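Let's talk through a protein model, one question at a time. Have the sequence and the coordinates open as you read.

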Amino acid sequence: MRIVHNSLHDEVASTLREEIFAGTLAPGSFVDEAALCERLSISRTPLREALKVLTAEGLLRHEQRRGCFVAEVTQKDLDEIFPVIALLEGRCAWEAARNASDAELAALEALHDRLARHARAKRINEYYATNFAIHEAIIMLADNRWLAQVISDLRKILKLARLQQLHAPGRLEQSLSEHLAVFAALKARDSDGAEAAMRTHLSRQREALRAVAAQQKAKLIS
């Protein structure tokens, strides 16, 4: 695979980022610079610049005299990140309730209709994709680039955890109900209600993830 681009290290960073998210570069694994240079047909310079970018994003960790390793997300990390992202996305919902036009709310309603169809059909992958689109739409409606930037950075870290909270019993239906509560508040132009509903939604995501982790641990023990 030959990479050619005006900003080669950005292209390399993008390629490696996707491989990290896909699990091709597994959590905790060593980043073999020589092997990557050969596979991507690049020199050490753009690769090392790319590794600096990914380290700054928290996707890699650098150890002196050892090199780079793919970051691992712990339960403690999740406990610390979720309250922060709940505050930030809650604020997005607050601002979106004030900013959204009728046409934008209609587009958001169509996304929620799609979400409900996926939930009824138990299509979890499609539900995840639509859920992501709804969160992105609300962030865009907030029209606050600082919020968007910090949320994007945190989401990259959460993506490392390969979150599967919708597999918790009853979580799919609960998640849909929470989303509908957020949308109802947005449609009513209730900023405080939208903020509270979004914070509740993300707090319950963390609770569901904790339940899934406990189930997985119990299976390993049994």
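What follows is a chat between a student and a tutor about this chain.

Student: Before we start, what kind of model is this, and which residues count for local features?

Tutor: Residues are numbered from 1 along each chain as its sequence is written, and side-chain values use heavy atoms, with hydrogens and water left out. It's a predicted model, where totals for chains, interfaces and linings use all residues, side-chain atom pairs count only at pLDDT 80 or more, and local features need pLDDT of at least 70.

Student: What is the average pLDDT of the chain?

Tutor: pLDDT is the predictor's confidence in each residue, from 0 to 100. Here 95% of the residues score at least 70, and the chain average is 91.

Student: Where is the pLDDT below 50?

Tutor: Where pLDDT is low, the predicted coordinates should not be read in detail. The stretch in question has 13 contacts in the model beyond near neighbours in sequence, a contact being heavy atoms within 4.5 Å. It's residues 1–6.

Student: Which element has the highest mean pLDDT?

Tutor: Helices (H or I, at least four residues) and strands (E, at least two) are DSSP runs, numbered from the N terminus. At the low end sits helix α9 (residues 191–221), with a mean of 88. The top mean, 97, belongs to helix α5 (residues 102–120).

Student: How many helices and strands are there, and what pattern do they follow?

Tutor: The count is 9 helices and 2 strands. Read along the sequence, the pattern is α-α-α-β-β-α-α-α-α-α-α.

Student: What share of the residues is buried?

Tutor: Buried means under 20% relative accessible area, exposed over 50%, and partly exposed in between (1.4 Å probe, protein chains only). Of the 222 residues in the chain, the buried share is 44%.

Student: What share of the contacts joins residues at least 24 apart?

Tutor: We take contacts between residues at least 6 apart in sequence. Of those, the share joining residues at least 24 apart is 74%.

Student: How many salt bridges does the structure hold?

Tutor: Side chains of opposite charge can pair when their charged atoms come close. For a salt bridge, a side-chain nitrogen of Lys or Arg must be within 4 Å of a carboxyl oxygen of Asp or Glu. The structure's total is 19.

Student: Which residue forms a salt bridge with R48?

Tutor: The closest N and O atoms are 2.9 Å apart. The pair links distant parts of the chain, 15 residues apart, with R48 in helix α3 (residues 44–56) and its partner in helix α2 (residues 33–40). R48 is partly exposed at 43% relative accessible area, whereas the partner is buried at 17%. That partner is E33.

Student: Why are K52 and E49 separated by about one helical turn?

Tutor: Their side chains meet in a salt bridge at 3.4 Å, N to O. K52 is exposed at 54%, while E49 is partly exposed at 33%. They are separated by about one turn because, within helix α3, they are 3 residues apart.

Student: Which helices hold R155 and E136?

Tutor: These two side chains form a salt bridge, 2.5 Å from N to O. They are 19 residues apart in sequence, so the pair ties together separate parts: R155 lies in helix α7 (residues 145–159) and E136 in helix α6 (residues 124–142).

Student: Is R155 buried or exposed?

Tutor: Its salt-bridge partner E136 is partly exposed, at 32%. R155 has a relative accessible area of 16%, so R155 is buried.
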